[in-house]
Every structure is written in structure tokens, then in C-alpha cells.
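Here is a short report on a two-chain model. Salt bridges come first, then the interface, then the aromatic pairs.

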Amino acid sequence: MTTTTLDERVGSTRLADRLVVRPEIGALLGAVVVFAFFSITADQFLSGDGVATWLDDASTLGIMAVAVSLLMIGGEFDLSAGVMTASTALVTAILATQAGWNVWLALLASLVFALGVGAFNGWLVMRTGLPSFIVTLGTFLALQGLNLGVTRLVTGTVQVSGMRAADGYASSGFVFASTVEIGGTKFQISILWWIGFAAVAAWLLVRTRFGNWIFAVGGSPVSSRAVGVPVKRTKILLFMTTALAGWLVGSINILRFASVQANQGIGLELQFIIAAVVGGCLLTGGFGSAIGAAIGALIFGMARQGIVFARWDSDWFMLFLGVMLLAAVLVNNTFRRRAERVRR
Amino acid sequence: MTSNRSGRLSLVAAAAALLLAACTGPAAEDPSSGSGQEVPAETGPFRIAVISHGTAGDAFWNVVKNGAEDAGRALGVPVEYNSDGDPGNQAKLIDNAVAQRVGGLVVSMQNPEAVRPSIEGAVRAGIPVVTINSGEEQSAAYGALTHIGQSEGIAGEQAGRKFKEAGKTKLLCVIHEAGNIGQNQRCDGAARGFGSAERLQVDISNPTDVQARIRGAVQTDPSIDAVLTLNSQVAANAVNAVKQVQSQAQVATFDLNADVVSAIKTGDVLFAVDQQQYEQGYLPIVFLKLYRDNRNVVGGGRPVLTGPDLVDKSTVDQIGAYVERGTR
């Protein structure tokens, strides 16, 4: 990937220098280190089932991290992204199991709902000029309340289940929640969605005019407006992209697990941001990479499942995870500083 | 610019390959298919994985963990405990244990449908599964050996009835985790046993909020004379709240801890519904060991109930010591 997506705008020709300016190089190295570490310390980490497990863990996180990375490069945050994965799943599940809709139709309705919320987030941020942190915090809380309130109102309980019996479950399950067998091991199809989503986002970011706009609005909205970049449209589209990713992950979850709880997804928004930051995105915007975010999610998945494979006492779980993530970010940071020197 | 074009081409090629793979590769799993062919588990050291839905640091699940580890030590079986409150993540932990080819699996099913494919995958791989805590109705259908737990509805009903026997007239049931289905079943049960019950939603991660909201509830409705909490920490908050406004309401709770024990002794808490979750950690290890060594199945696969055991002033003295030890 490094050779194919190499940024030709960089003047230097030395390979090391060319590599070092890539935002994702730190994450890539971190991933290699984490991978090597658990390959050595945990027996089953490299077995077929083992690989399928940590790739599975990384996949849904990765889809969200990629979308969030685009938004972060565009200079904004979306705190409603975690809850969105539950909201979309709830909309789909309630329409399919309670209203008796075909699953495909329900999926379409929840997609419209998601894009609407995304557009609303973007529109409100642009309209009010408030930090997206605050605006999306508001939608986060509102969605959380809606999830609980509506679910309880409609079903009388706090979880919606019974998707397996709904019309169109088999065909939609095939698309979102089936498994691919490779060499006797079953891999979740969400892994393919993740790779595909990351590839499209990376292409969008480094090969299209829209990608340039994203970097521009994140780097300096004022000067990008001055040179004719449609700041408003770009940012609204970015918020809609995270909402779209939220819908995709919500759909994958509801069709795979066939039930959804009203309090699902809360707190995940931070994990998305962490994965994006590990992948080389700046919290201040204007710099980062979609591939890096996908790798950030991979590190997360490998560490989270690797700790279990290594049979460490789960009491220390979060400590290990925290230290590992800090290390990844620090490595990343060092590389970025080096990259900035090379650039000058 | 040639590198640019080849880069784009290779990306397109990669995307196309992905699409092809996505189109031809997978097959939707037949939702009705139960256990397929039985593949015997790999022989080797007998390890048991316990995977619960409790969050890290939860006092209740700590007792379950102690039970499982004590049983493991007593029987010489290595036991690993992992947990995640998110049903999807819990399913991934089960897949992880299956990938490790553990000798036995103990799973709590707060959200049975979500962990169903993973549990069925374990059964298909020839790993014996015992479900604990919640998910009694689905346990056998998913292929588990047996279920060990308490029926939340029955436990709630008994609590409601006990309040009624104590002559109470209006019951408030405090739910501390909005999305927890077991808590809703307890309150439903309490409403059945008592006649009716009002619900109050609080957030357990914020004790100040818990106390303030319970205080508000008993203050605005002085006719409330019974408060049922579903967690020992919430019980302590409820006792404080009731005292602050000098309400006549009496508190009872699910689950024991040291505070609840002393509160029962002083009469601040009327009784506690103890589901004896230590058994939910201990027994499955014994059952799985017996199954492996002797192919024993307890109770013909019917659920084994660990509770409820109602702890009040008459029994609290003996049980209090075990709470301190971390086994009640």
C-alpha cells in the first residue's frame, strides 16, 4: 500500500524520507510490533480461528475509525458515532420485528435516518459555528435517550430481538453477516466490508478533489473558503459519512447478533477516535490517513484479543490496553515530527 | 505520473477482487441449523474459560470469579475468567475461547440471541458449554449441557411478596442500568408479587445522582413505603436517601455486600435477595469436570437454581462472615 499510495507532491526522493512522511507509518510499525509480540507470547494467536477472531474484532471498529478519520482530517469530531451504531440497529430491528417490514426495507429506512442525523449534525455545526464536540455531544445524548425511550415504548423491554424470523433476513444476512471460509476457517464478512471501506476512503482521500477539500477544510477553513473550496458541503458530507459508517456497523451487528440492546454503543465513540489517532490523525485536523485508521483498529483488535489469547488475568486488561495504545501513539508522534522535518 | 496511474489501477484491482470475494465466498448461515457434526475437542490439558457479561470491577461478578477460581484450584483445573458488558464483544471473547480449543466453556447470557452463534460454534467444535446467571430459557436450545442461575422473575416475585407480607402498600423499584433486561424482569416480578410497582431509573455510575433521585421520589410521594433496589451499592444510597427525608419507606435489595449486611443488622435494610452467585462460578467448573471425567449431566439438563435465598435479620449473622470473605 505504501508504494501505491505514495504522495507524489513530496519532493524528496529517498525512500526512507518518502516513507517517513506517511501518516500511517507509525501505526504500521506499531501493528507489526503488536503482531510479533502476540505471535510469540500467545499459542493460538496465529491459528486460523485466532486470526479470524482478532480480525473480526478489528473490523467493525475499523469501519468506524476510517470514517471518523476522514471527519477528523476535516477538522471535526462526531461523539454521536458510537450511539449511532445502536440507533440504526434499533430502527432496523423495530421496523423489521415490530412493524413486520422486510429487512431490506427496514435497512433502507435506517439508512435514511442515519444520513438525516449526519446531515443535521453537519448543518448545525456549520450553521451555528459551535464546536462539533458540543453539537454532537448533544445528538449523542439525544440519541441515547431516544434509543431507550422508543425501544421501551414499542417493545415494553429494553432489547429488540427476533430478527432471525423477519422477512428478508437470509438475503440481508448474506450481505452483512455471513462468513467466508478460507482454509477451513470462517471469517466474518465484516472484515471484507472493513477492507473495502478503508480502500474507498483512502482512494477518496488521496486521489480525488473531494480528498483535497477534506485536507483543506481541516487545515484552514478560512483560506480554503477563499480559494473556492465548498467548506459547508464538504463538512456536511463528512458528518454524513460517519453516519453512513454507523449505519453499516449497526446493520452488521443487528444481522449478526439478531438482537440489539438500547444501551449499546455508548462509549465506543472514544475508541473510534483512539484508533484514528493511533493511525496518525491529528486531533487538530488537516493531517491523517484512512489506511492509518484502519491499521489503528487492527492494533486495537490484536491487542484486545491477544491479551485473552495470552491468558493474562483480565483484571489488568485495561492497563495493558492503555500502555499499548500510549506506546503506539508515542511512536506515531515521533515519526510525525520526523516527517515534518523532512518536509521542510 | 505513471506510478500514480498504476497505483489507481492496483487499487481498482484490489477493490474488484474484494467484490468478487464478497460475491462468491460467503454463504448465509442457516439460522435454523442447530448443532452439526460433532468434532471431538483436542486432547491436552483441560482448561475452562468463563466468559461473563459483567463489567470489570463489578462486585457481584467478582464473587462469581472467586467461585470459579476456587473450584478450579480445588479440582486442579486451570480457569480463565474474561468479561465484557457489550454482547457483541462478549461473543468475540467466546469465539476467542473456541479458537483456543478450551476444554469447557461457561457463559452468562444477558443477551442470548447475540451470543447464540458463538455458543453454537463452541458446541459444534465439541466444547461442552454450561450457561450461568441469565438465559435459562435459551440454554438447552443452544446446545448447552445445563444452566445454573436464578430466575429473575421468580426472585423479583418473592421480594415483592415478602414486602407485602411486611404490610407495605406502595412499592418503588429502582433500575440502575437502563438497558439491562434482567433488571426489568426483576421489577416485573416484584410487581407481580406485590400487586404493582413504580419504577425509577438511576445511573449506577453516579452515586450522587442515585441518592438524589431516590430522595426526590420518596419525598414527592410520601405514600411510598417500600423501596426495592437491585444492587447492593444502590441499596446503601437508598438507605441514605430515605433517612435524609425521614421517610417511613423501608429498603430491600438484591445482592449482598458488607454494607448491606450491617444495614440488615441495624434494621435499615429489611432483607436482601441473594442469588448466591458464588455457586454460579463454582458449580459449572464441577459440572464440566464431571462431564469430562465421567460424562455426568446434572439434572438431565434442566436448569439448576442457585437462588433466591432471602437474607434477613435472622440469618444475617452467619452469612455476613462469608460476604467479607468474598464468597457470598
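## Salt bridges in chain B

K243(B) and D268(B) join their side chains in a salt bridge, with N and O 2.9 Å apart. The model is predicted. K243(B) sits in helix α9 (residues 232–244) of chain B. D268(B) sits in the loop between α10 (258–266) and β10 (269–274) of chain B. The pair therefore ties together parts that are 25 residues apart in sequence. K243(B) is partly exposed, at 48% relative accessible area. D268(B) is partly exposed too, at 26%.

Two other salt bridges of chain B lie within helices. R116(B) pairs with E120(B), the closest N and O atoms being 3.2 Å apart. Both residues belong to helix α4 (residues 112–124) of chain B. They are four residues apart, about one turn of the helix. R116(B) and E120(B) are both buried.

R161(B) forms a salt bridge with E157(B), and here the closest N and O atoms are 3.0 Å apart. The helix is α6 (residues 152–165) of chain B. Being four residues apart there, R161(B) and E157(B) are separated by about one helical turn. R161(B) counts as partly exposed, at 39% relative accessibility. E157(B) is partly exposed, at 22%.

Over all chains, the structure holds 27 salt bridges. The table lists some of them, including one that joins the two chains.

| Residue | Partner | Closest N and O atoms |
|---|---|---|
| K243(B) | D268(B) | 2.9 Å |
| R161(B) | E157(B) | 3.0 Å |
| R116(B) | E120(B) | 3.2 Å |
| R101(B) | D49(A) | 3.5 Å |

## Chain B as a whole

The secondary structure of chain B comes to 12 helices and 12 strands. The chain has 328 residues, and 54% of them count as buried. Take the contacts in chain B between residues at least 6 apart in sequence: 72% of these join residues at least 24 apart.

## The interface of chains A and B

How many residues of each chain are in contact with the other? The counts are 46 residues of chain A and 45 residues of chain B. The size of an interface is often given as the accessible area lost when the parts come together. Here the area buried between chain A and chain B is about 4,100 Å². Carbon and sulfur atoms give 54% of that area. R164(A), F257(A) and R311(A) supply 15% of the area that chain A buries against chain B, more than any other three residues.

Charged pairs cross the interface. Between chain A and chain B there are six salt bridges. One of them links D49(A) to R101(B), with the closest N and O atoms 3.5 Å apart. There are also 12 residue pairs in polar contact across the interface, counting those with both residues at pLDDT 80 or more. Helix α3 (residues 48–73) of chain A gives the largest share of the side of chain A that touches chain B, six residues. That side of chain A divides into 15 nonpolar, 20 polar and 11 charged residues.

A network of salt bridges links D43(A), R311(A), R47(B) and E80(B). R311(A) is also one of the three residues singled out above for buried area.

N82(B) also contacts chain A. This residue lies in strand β2 (residues 79–83) of chain B. Is N82(B) buried or exposed? N82(B) is buried, with a relative accessible area of 9%. Neighbours within four places in sequence aside, N82(B) is in contact with V308(A) and S314(A) from chain A. Its contacts in chain B, on the same terms, are V50(B), I51(B), S52(B) and L93(B).

## Aromatic pairs

Over all chains, the count comes to 18 aromatic pairs. In one of them, the rings of F77(A) and F133(A) have their centres 6.3 Å apart. Their planes stand at 90 degrees, so the pair is edge-to-face. F77(A) lies in the loop between α3 and α4 (81–98) of chain A, and F133(A) in helix α6 (residues 132–155) of chain A, so the pair ties together parts that are 56 residues apart in sequence. F77(A) counts as buried, at 19% relative accessibility. F133(A) counts as partly exposed, at 44%.

Chain A also holds a ring cluster. Ring pairs link F35(A), F37(A), F38(A), F45(A), W54(A), F309(A), W312(A) and F320(A).

Technical notes:
Residues are numbered from 1 along each chain as its sequence is written. Chains are lettered from A and ligands numbered from 1 in the order in which they are written. This is a predicted model: local features need pLDDT of at least 70, side-chain atom pairs count only at pLDDT 80 or more; totals for chains, interfaces and linings use all residues. Side-chain values use heavy atoms; hydrogens and water are left out. Contact means heavy atoms within 4.5 Å. Buried area is the accessible area (1.4 Å probe) that two parts lose on being put together, summed over both. A salt bridge is a side-chain nitrogen of Lys or Arg within 4 Å of a carboxyl oxygen of Asp or Glu. A polar contact is a pair of N or O atoms within 3.5 Å; within protein, one must be able to donate a hydrogen and the other to accept it, and residues adjacent in sequence count only if both atoms are side-chain atoms. Ala, Val, Leu, Ile, Met, Phe, Trp, Tyr, Cys and Pro count as nonpolar, Asp, Glu, Lys and Arg as charged, and the others, Gly among them, as polar. Rings of Phe, Tyr and Trp (its six-membered ring) pair if their centres lie within 6.5 Å; planes under 30 degrees apart count as stacked, over 60 as edge-to-face and the rest as tilted. Buried means under 20% relative accessible area, exposed over 50%, partly exposed in between (1.4 Å probe, protein chains only).
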